[in-house]
Amino acid sequence: MKPDLRIKESLLCLTRDTPDCSHFRQVEKLVHAGASFIQLRSKSIPESLLLEESKSAVFLAKQIGCKLIINDHYEMARDVDADGVHLGVSDAPVEFVRDYLPQGKIIGKTVHSIEEAKIAFKEQPDYIGLGPVRNSITKKELTPCLSEEEFKEIAALLHPIPVFLIGGLNRNDFDLIDRIHVQGICLCSDLSLDKDDPTHLHEIVQKSRSFEPALHSL
């Protein structure tokens, strides 16, 4: 059964593997800056360590009232009672994960092309991560290959599923929300979560509030 969910955020914050700041510490900085939608994304740390960090991060996020989802690891998302999971193109099908997770969990899906968008629309995830818009230091294997018009076409094809643009974006890219007609953008490197000064995080979160759309009923 498809959960009754509402996503109103225009900013999806992504954590990343960095030796200077654990994923839990990154989540801690984000929630205290006012972020309300976070994806914990790791590609290299041991799964046992990721599990421990995820448990602590989910506990903190629930106290604050922030949605926190886990990238790729849908089993871990269930084990730590995260708000959901984000699935890559080659991950398990949305329908399978929907049945695996408790009712009411968020399921996101990555899309890189019109062909993948058509498949994703049939699967009906709760939101889409569409990109890459530009080269990204966290996803060096992906090269941008879509024009702005193609992004618009894909966003229209996926409507009314909320779409978040991803890939090399920064705090000056919120205008893409109106230009391409999407729900929001994903930020990762520009969050500078391994830095000590939290001022820029507050500024980014506050700026995102100006771009939050009306509630989308999924």
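I take buried to mean under 20% relative accessible area, and exposed to mean over 50%. The model I am reading is a predicted one.

**Entry 1, helix H2**

I began with H2, which runs over residues 47-64, and looked up its buried positions, which are Leu50, Glu53, Ser54, Ala57, Val58, Leu60 and Ala61. I then asked what these buried residues of H2 pack against, and I found H1 together with strand S3 (37-40), strand S4 (67-71) and helix H3 (74-79). For its length, I noted that H2 has 18 residues and reaches 25 Å from its first C-alpha to its last, which is close to the 26 Å expected at 1.5 Å a residue. Just after the helix I came to Gly65, and I recorded that its phi is positive, near 90 degrees.

**Entry 2, H1 against H2**

Next I turned to helix H1, residues 23-32, and looked up how it lies on H2: the two pack at an angle of about 10 degrees, with their axes 8 Å apart. Because angles under 35 degrees count as roughly parallel, I wrote down H1 as roughly parallel to H2. The crossing in which H1 passes H2 is right-handed. I also listed the residues that meet, and on the H1 side these are His23, Phe24, Val27, Glu28 and Val31, while on the H2 side they are Glu53, Ser56, Ala57, Leu60 and Ile64. Sorted by class, this contact of H1 with H2 has six nonpolar, two polar and two charged residues. Going back to my list of buried positions in H2, I saw Glu53, Ala57 and Leu60 there, and these three residues are also among those that meet H1.

**Entry 3, H5 against H6**

Further along the chain I looked up helix H5 (residues 114-123) and helix H6 (residues 148-158), whose axes come within 9 Å and cross at roughly 10 degrees. That angle makes H5 roughly parallel to H6. From H5, Ile114, Ala117, Lys118 and Phe121 take part in the contact, and they meet Glu153, Ile154, Leu157 and Leu158 of H6. By class I have six nonpolar, no polar and two charged residues for the contact of H5 with H6.

**Entry 4, Glu115**

My last entry concerns Glu115, which is found in helix H5. Is Glu115 buried or exposed? Its relative accessible area is 55%, and since exposed means over 50%, I put Glu115 down as exposed. I also checked its separation from Ile154, a residue 39 positions away along the chain, and the C-alpha atoms of the two are separated by 9.3 Å. Ile154 itself is one of the H6 residues that meet H5.

Notes:
Residues numbered from 1 in each chain as written. Predicted model: local features only at pLDDT ≥ 70, side-chain atom pairs only at ≥ 80, totals over all residues. Heavy atoms only, no water. Axes fitted to C-alpha atoms, helices over the stretch in contact; angles between N-to-C directions. Parallel < 35°, antiparallel > 145°, perpendicular 65-115°, else oblique. Left-handed = near helix turned anticlockwise from the far one by under 90°. Contact = heavy atoms within 4.5 Å. Nonpolar A, V, L, I, M, F, W, Y, C, P; charged D, E, K, R; others polar. Expected span 1.5 Å × (residues − 1). Buried < 20%, exposed > 50% of the residue type's maximum accessible area, 1.4 Å probe, protein only.
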